[in-house]
Amino acid sequence: MKNVLIIGSTGQIGTELTLELRKHCKGGNIVAGYIPGAEPKGELLETGPAEITDIMNDRQIAGVVSRYKIDTIYNLAALLSAVAEAKPQMAWKVGMDGLFNVLEVAREYGCAVFTPSSIGVFGDNTPKDRTPQDTIRNPRTMYGVTKVGGELLSDYYHIRFGVDTRSVRFPGLVSYLAPPGGGTTDYAVDIYRAAVAGRRFECPIAAGTFMDMMYMPDALRAAIRLMEADPDRLIHRNAFNVTAMSFDPEIIFENIRQYVPDFDMGYRVDPLRQAIADSWPNSLDDTCAREEWGWQPEYDLDAMTRDMLSKLQARIRV
Ligand code: AKB
C-alpha cells in the first residue's frame, strides 16, 4: 500500500483512517476523497491531498486514481443502518451502485479495494451467540441487504477479475473525533458524550440488548492490517467477522459510572433501532480473522472507557 484513495474520508471511520494511513504509508499519496458539503477541515486538509470523489461518478474516481497512481481504495461511502431504513433507495444507490463504480475502476486500474461490511449482514435466523464466520446472512434491513450484496459483489470481482477485494464485518464503532450519524450502535458513542457533558443519558436501546462493539484504534488496525495481509493465507475475503467486546446498555453505563459516579441514565427506546438491534448477533466468533491474518484487538470495555473519557474531556477543555 503506497498511494491510497479514501472515499468518504470525512465520515466517522474516514477521518481517523486517513490520518492514520498518512502516518503509516510514508512517502505515498493518501488522498482524502470527499463530496461537496462534506469538505475535509483542519488536520485532515492540512496533512495531505484532498479531491472531490463522488462514489456515484465513476469517471471522477478514475481521474483521481490515475492522477495519484492509486494502488488501494478504501470505499467508506455508506448510509448507516437507521438512516438507510429512512432512505432505502439512496442506501441502495450508494451501497451497491457506488460499490460497482469503485470495483469497475479497481478492475481497470489494478487497485485493491477495502469496503467495510457490518454485523448488519446477519438477521433473525442467524445463530445469535458466537455467530460463526460462515453462516446464514438473511437481513431484513436495506443496510443489511446492501452489505450482503456488497460482500457477494466484492467476492465476485475477486474470483472473476482478480481484483484484490478484502473486508471486515465491523461491529458498532466507538470514537470521539467524528460522530457516527445514523447507526443502531450510535448509543455507545452518545453515552460517553452525555457522561462528559454532565447530562443524563436517554438510551434508545433497551437493557439486555447485547451487541458487538470495537474502539476506533482497533478498527483502524483491522482495516490496515487486513489490506497488508499475505494473500496466500486468506481463505476468506469478503468479509471477516471481527469483534473486540460485547455489552448491553447497563454494562457500559456501570462501567462509565466507575469514573463518573454522578452519571445518570434512563431509557427512551427507539422502536426502529431496537428492532434492528434485536435482529443482530449478541456476539461474533472472529476466529477466522485471528487465524488468517492475525487479528487481535487491544481495547476491552474498561480500556476504551478510560481513553474515551479522557479524550472527550481534553476536547471540552480546548
Ligand atoms: C450501525 O449501527 O449501523 C453501524 C453498524 C454496526 O454497521 N454502526
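Reader: Why is the sulfur of Cys111 not in a bond with another cysteine sulfur?

Author: A disulfide is a pair of cysteine sulfur atoms within 2.5 Å. In this structure the cysteine sulfur closest to that of Cys111 belongs to Cys25 and is 14 Å away, too far for a bond. By this rule the count of disulfides is zero. The model is predicted: local features need pLDDT of at least 70, side-chain atom pairs count only at pLDDT 80 or more, and totals for chains, interfaces and linings use all residues. Residues are numbered from 1 along each chain as its sequence is written, and side-chain values use heavy atoms, with hydrogens and water left out.

Reader: Are Cys25 and Cys111 buried or exposed?

Author: Buried means under 20% relative accessible area, exposed over 50%, and partly exposed in between, with a 1.4 Å probe and protein chains only. Cys25 has 7% relative accessibility and counts as buried. Cys111, at 3%, also counts as buried.

Reader: Which residues are around the ligand?

Author: A residue is near a molecule if one of its heavy atoms lies within 4 Å of it. Here the residues around the ligand include Leu80, Ile119, Tyr143, Pro171 and Trp280. Ser81, Ser118 and Thr185 are also among them.

Reader: What lies 2.6 Å from an N or O atom in the side chain of Ser81?

Author: A polar contact with a ligand is a pair of N or O atoms within 3.5 Å. For Ser81, the partner is an oxygen atom of the ligand. The side chain of Ser118 likewise has an N or O atom 2.6 Å from a ligand oxygen. For Thr185, a side-chain N or O atom is 2.9 Å from a nitrogen atom of the ligand.

Terms used:
Polar contact = N/O pair within 3.5 Å; in protein donor to acceptor, adjacent residues only side chain to side chain.
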